[in-house]
Amino acid sequence: MQIGITGKPNVGKSTMFKAITLQDVAIANYPFTTIEPNKGYGYVRVEDVGPEFNVKSNPRYGFIKGKYRFVPIEILDIAGLVPGAHEGRGLGNKFLDDVRQADALIHVIDISGSTNEEGQYIGPGNYDPIKDVKWYEEEIDWWFYSVIKKNLEKNIRKIKNEHLELDKELAKLISGLNVKEEHVSKAFKELKINQDEYDIINDDKKLFELASKIRKISKPIVIAANRIDINIDIAKKNLERLKKEYPDKVIISTSGYAELILKELDKQGKIFYIPGESYFEIKGDLNDKEKKALEFIENYIFKEFGSTGVQNILDITVFDVLKYVAVFPGGVDSLADKEGRILPDCFLMPPGSTVIDFANKIHSDLAKNFVRAIDVRTRKFLGKDYILKHRDVIQIVANA
Ligand SMILES: Nc1nc2c(ncn2[C@@H]2O[C@H](COP(=O)(O)OP(=O)(O)O)[C@@H](O)[C@H]2O)c(=O)[nH]1
Ligand SMILES: [Mg+2]
């Protein structure tokens, strides 16, 4: 599971990446600071199942904070694009290579409207951030289009001569974009394109439509309306307009900066903060600057927006948009592994995964020698076609 953080320069991508991963990355106020993609671990938040069984979980990966279990996912900080990038401006090929790997993208925009198209600071309210949504997504779609077109041009004669199914062949040709056959088939169906519509190669408009649809299905984009803290009134107005303009898009207001402050103070032991919550507790001595920052976060960010939005956007991307489920291996007799570690694992499974997929995820031998699965909560047997639900606790019984 990989989530890419993307957007034009200077909208706060690296700051958000740092807040998510709490790693040091180049944070600076000029375009193209991020030359190499920064990879790190972020965490999605799942209500831990330990308390239901009166046990204290001890995760092998990730951690427990409050009643939550934070499960690791990979995060990519992707270099920013400027308009016209697909025509050779900006970091085209590098960008594509990074985007290719991501399962979903978080598009960071500056909702305070203080950054122009090129990423230069021009002061709050002086640029309409809604414009970024359209051109940025189009840049990515153009890339998909060019990859699709190039590959089809090379292979269409053979596909046509052998009367092959166009969606399946196309999926094979663009598998490098991390696009699956089911994504392409779904796009064909939604656009009512036939398997033998080989002439599509001559219809640029339709080909772009197809490229755009495949991109939407295989690489959904969630919008982080970021830098809400710069000017609350402008942010709220722009956010409202943005949601009206794009009612079908997932849009989350964020302040990567506020999240970073909270995480750093928590790390230093000065406050206790559970990512995603709208409160913190003061634990240690704070200097005036820290006190002021926390007051601002409490009175403006938490009160007006509910939270910093950073944890929220990760959880929504993984669980609501990609529709993954978090599933715990466990046993009816014991929730510990051989070393006595209680509920050591929590796996993120793609939508539609079955108990056999789950067995495979734990160990291929478990799937090979599968006998049955048991719902640890209810102690009921589950067939091998049972589809996993979020927060299931499952025991796999296999022949030794
Ligand atoms: N006020 C405010 N400033 C931010 C926020 N996020 C980033 N910044 C600032 O915006 C500038 C660019 O941030 P950076 O993370 O390097 O942007 P990137 O080019 O998109 O990676 C830096 O000066 C950051 O301190 C935010 O949420 N609020
Ligand atoms: Mg950056």
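Tutor: A residue counts as near a molecule if one of its heavy atoms lies within 4 Å of it. Keep in mind that this is a predicted model.

Student: Okay, so which residues are the closest to ligand 1, and how many surround it?

Tutor: There are 17 around ligand 1, and the closest are Asn10, Lys13, Thr15, Arg227 and Asp229.

Student: What makes the pair between Asp229 and a nitrogen atom of ligand 1 a polar contact?

Tutor: The cut-off is 3.5 Å between N or O atoms. A side-chain N or O atom of Asp229 sits 2.6 Å from a nitrogen atom of the ligand, so that pair passes.

Student: And how far are the backbone atoms of Val11 and Ser14 from ligand 1's oxygen atoms?

Tutor: For Val11, a backbone N or O atom is 3.2 Å from a ligand oxygen. For Ser14, a polar backbone atom is 2.9 Å from one. Both fall within 3.5 Å, so they count too. The protein covers 87% of the 580 Å² of accessible area that ligand 1 has on its own.

Student: Which element gives the largest share of the shell around ligand 1?

Tutor: That's α1, with three residues.

Student: Moving on, which residues of helix α11 are called buried?

Tutor: Val355, Phe358 and Ala359. The label means under 20% relative accessible area.

Student: How do you know that they're on the same side of α11?

Tutor: They cover an arc of only 100° around the axis, so they share a side of α11. In general, an α-helix has 3.6 residues a turn, so residues three or four places apart point the same way.

Student: What covers those buried residues of α11?

Tutor: Among others, β10, β12 and α12.

Note on methods
Residues are numbered from 1 along each chain as its sequence is written. Chains are lettered from A and ligands numbered from 1 in the order in which they are written. This is a predicted model: local features need pLDDT of at least 70, side-chain atom pairs count only at pLDDT 80 or more; totals for chains, interfaces and linings use all residues. Side-chain values use heavy atoms; hydrogens and water are left out. A polar contact is a pair of N or O atoms within 3.5 Å; within protein, one must be able to donate a hydrogen and the other to accept it, and residues adjacent in sequence count only if both atoms are side-chain atoms. Accessible areas come from the Shrake-Rupley method with a 1.4 Å probe; for residues, only the protein chains shown count as cover. Helices (H or I, at least four residues) and strands (E, at least two) are DSSP runs, numbered from the N terminus. Buried means under 20% relative accessible area, exposed over 50%, partly exposed in between (1.4 Å probe, protein chains only). The arc is that of the directions from the helix axis to the C-beta atoms. Contact means heavy atoms within 4.5 Å.
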